[in-house]
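Please open the structure in your viewer and keep the sequence panel beside it, since each stop on this tour asks you to select a few residues and then look at what surrounds them.

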Amino acid sequence: MSEATTRRRSRGIIARSVGVVALVTAGLFTAGCGLGPGEDTGNASLLVTRDYGREVILEDRAIPVNESSNAMRLLDESAELETAYGGEYVQSVGGLAGGNAGGRSFDWFFAVNGIVAERGSAQFPVAGGDQVWWDYRDWTDAMEVGAVVGSYPAPFSTGYDDRDWGLRVECLDTREACGLVEQQLGDDGASLVTRDENMIVRVGTIEKVAATPEGRRILDGPGASGVFADFREVESGKASSDRSSWHLVGLKVGGEDGFDYGSEAGLVAAMRRGDDPPVWLVTGGTGRAVGLAAAALDSKYLERRYAAVVGGREVSSIPLTGVVK
């Protein structure tokens with residue numbers, strides 16, 4: 001059971017296990033107390049944001065860490081914290097507190113190398129090269145955000161929590177786009193070595209992806225997938241022999257329709273269930289759209305995004321907020 005689930009049960013909010021965000025509400029037990037700092041392991045990065053990465057509160061890309069460092073301590077050494085529930089959980093960072101407002105629920109969550117942690121942040125060790133991302137967000141309509149794309153090329157280049165996962169690129173169609181994904185991953189330090197358990201990057205049009213578990217979750221909405229995007233099959237309106245097309249629709253934080261990007265926009269998204277390795281989707285309504293998504297597999301395009309929509313020369317974050325043009 002995740003620490004976030006325990007906290008929410010104590011609030012009487014939910015009564016089932018939740019694989020919350022790439023950013024789980026954290027505990028404050030001091031790991032390694034009395035054992036000394038241990039050997040230095042290099043530098044880690046810390047990112048603190050709000051509203052799905054839209055506003056940066058704090059960023060430090062080179063924090064020295066050692067064998068006793070953990071995700072909680074990294075935050076505690078860099079920001080002013082307030083705790084709740086006997087000092088076990090983060091209540092606020094810099095005065096920004098979790099709670100409920102207007103029927104919506106807000107909290108702090110954390111991810112390491114783009115993947116949700118299964119235990120509290122004080123029990124999650126941080127080593128050199130790790131990327132720790134804390135985000136304050138509205139989780140009312142998406143409790144199960146298991147992975148995000150905004151730490152790319154992590155976890156493919158960094159690994160996660162000493163897991164011996166392999167990495168497989170699964171080509172459903174669009175071979176050219178699939179080849180581009182493999183090249184991008186290789187250039188960014190990932191090794192395409194398969195093992196019994198694999199991180200998967202699934203590449204293909206949504207027509208093919210929809211037949212996979214992750215594709216079905218996308219079509220079931222953010223409550224199932226943690227991704228604020230949908231694909232809608234739209235009739236062409238021309239001759240009866242014309243095929244319908246799949247339009248990519250970006251959703252707002254509350255799950256409402258935000259913007260119809262059409263059939264030529266691509267999606268880069270990540271998901272994870274339980275302790276399983278993450279699955280990334282590089283998809284779109286057409287082969288060209290999948291190619292655009294594949295070309296966006298780059299840290300300069302994906303940084304600080306939960307998921308990304310790629311249309312033309314623009315890359316947009318989802319969920320959508322404010323007015324979309």
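In this predicted model, the structure holds 17 salt bridges, and the tour begins with several of them. Select D141 and R104, which form a salt bridge whose closest N and O atoms are 2.5 Å apart. Because D141 sits in the loop between β9 (131–138) and β10 (166–171) while R104 belongs to strand β7, the pair ties together parts that are 37 residues apart in sequence. D141 counts as partly exposed, with a relative accessibility of 27%, and R104 is likewise partly exposed, at 22%.

Next, select R232 together with D257, a salt bridge in which the closest N and O atoms are 2.7 Å apart. This pair links distant parts of the chain, with R232 in strand β12 (residues 229–234) and D257 in strand β14 (residues 257–262), 25 residues apart. R232 has a relative accessible area of 29% and is therefore partly exposed, and D257, with 45%, is partly exposed as well.

For the third pair, select R288 and E264, where the closest N and O atoms of the salt bridge are 3.8 Å apart. Here too the link is between distant parts of the chain, since R288 lies in helix α7 and E264 in the loop between β14 and β15, 24 residues apart. R288 counts as exposed, at 53% relative accessibility, whereas E264 is partly exposed, with a relative accessible area of 33%. Before leaving the charged side chains, select E118, R119, D161, R163 and R272, which are joined into one network by salt bridges that share partners.

Now stay with the helix that carries R288. Which residues of helix α7 (residues 287–295) are buried? They are A289, V290, L292, A293 and A294, and it is worth colouring them separately before adding their surroundings. What covers these buried residues includes α3 (175–187) and the strands β11 (198–205), β15 (266–271), β16 (279–284) and β17 (307–311).

From there, turn to the interior. In soluble globular proteins, nonpolar side chains tend to be buried together. The largest nonpolar core of this model has 51 residues, and the members that touch the most others are W134, F156, V181, L185, V201, V203 and W280. Apart from that core lies another, of 31 residues, which you can find by selecting Y52, Y261, L267 and I318, among its members.

The last local stop is F106, which lies in strand β7 (residues 104–112). Select F106 with W139: the two are 33 residues apart in sequence, yet their C-alpha atoms are 6.0 Å apart in space. If you leave aside the neighbours within four places in sequence, the residues in contact with F106 are G98, G99, A101, Y136, R137, D138 and W139.

Finally, clear the selection and view the whole protein, in which there are 8 helices and 18 strands. Buried residues make up 53% of its 325 residues, and the accessible surface comes to about 13900 Å², with 45% of it belonging to carbon and sulfur atoms. Among the contacts with a separation of 6 or more, 67% are between residues 24 or more positions apart.

How values were computed
Residues are numbered from 1 along each chain as its sequence is written. This is a predicted model: local features need pLDDT of at least 70, side-chain atom pairs count only at pLDDT 80 or more; totals for chains, interfaces and linings use all residues. Side-chain values use heavy atoms; hydrogens and water are left out. Helices (H or I, at least four residues) and strands (E, at least two) are DSSP runs, numbered from the N terminus. Buried means under 20% relative accessible area, exposed over 50%, partly exposed in between (1.4 Å probe, protein chains only). Contact means heavy atoms within 4.5 Å. Accessible areas come from the Shrake-Rupley method with a 1.4 Å probe; for residues, only the protein chains shown count as cover. A nonpolar core is a set of buried Ala, Val, Leu, Ile, Met, Phe, Trp, Tyr and Cys residues joined through side-chain atoms within 4.5 Å. A salt bridge is a side-chain nitrogen of Lys or Arg within 4 Å of a carboxyl oxygen of Asp or Glu.
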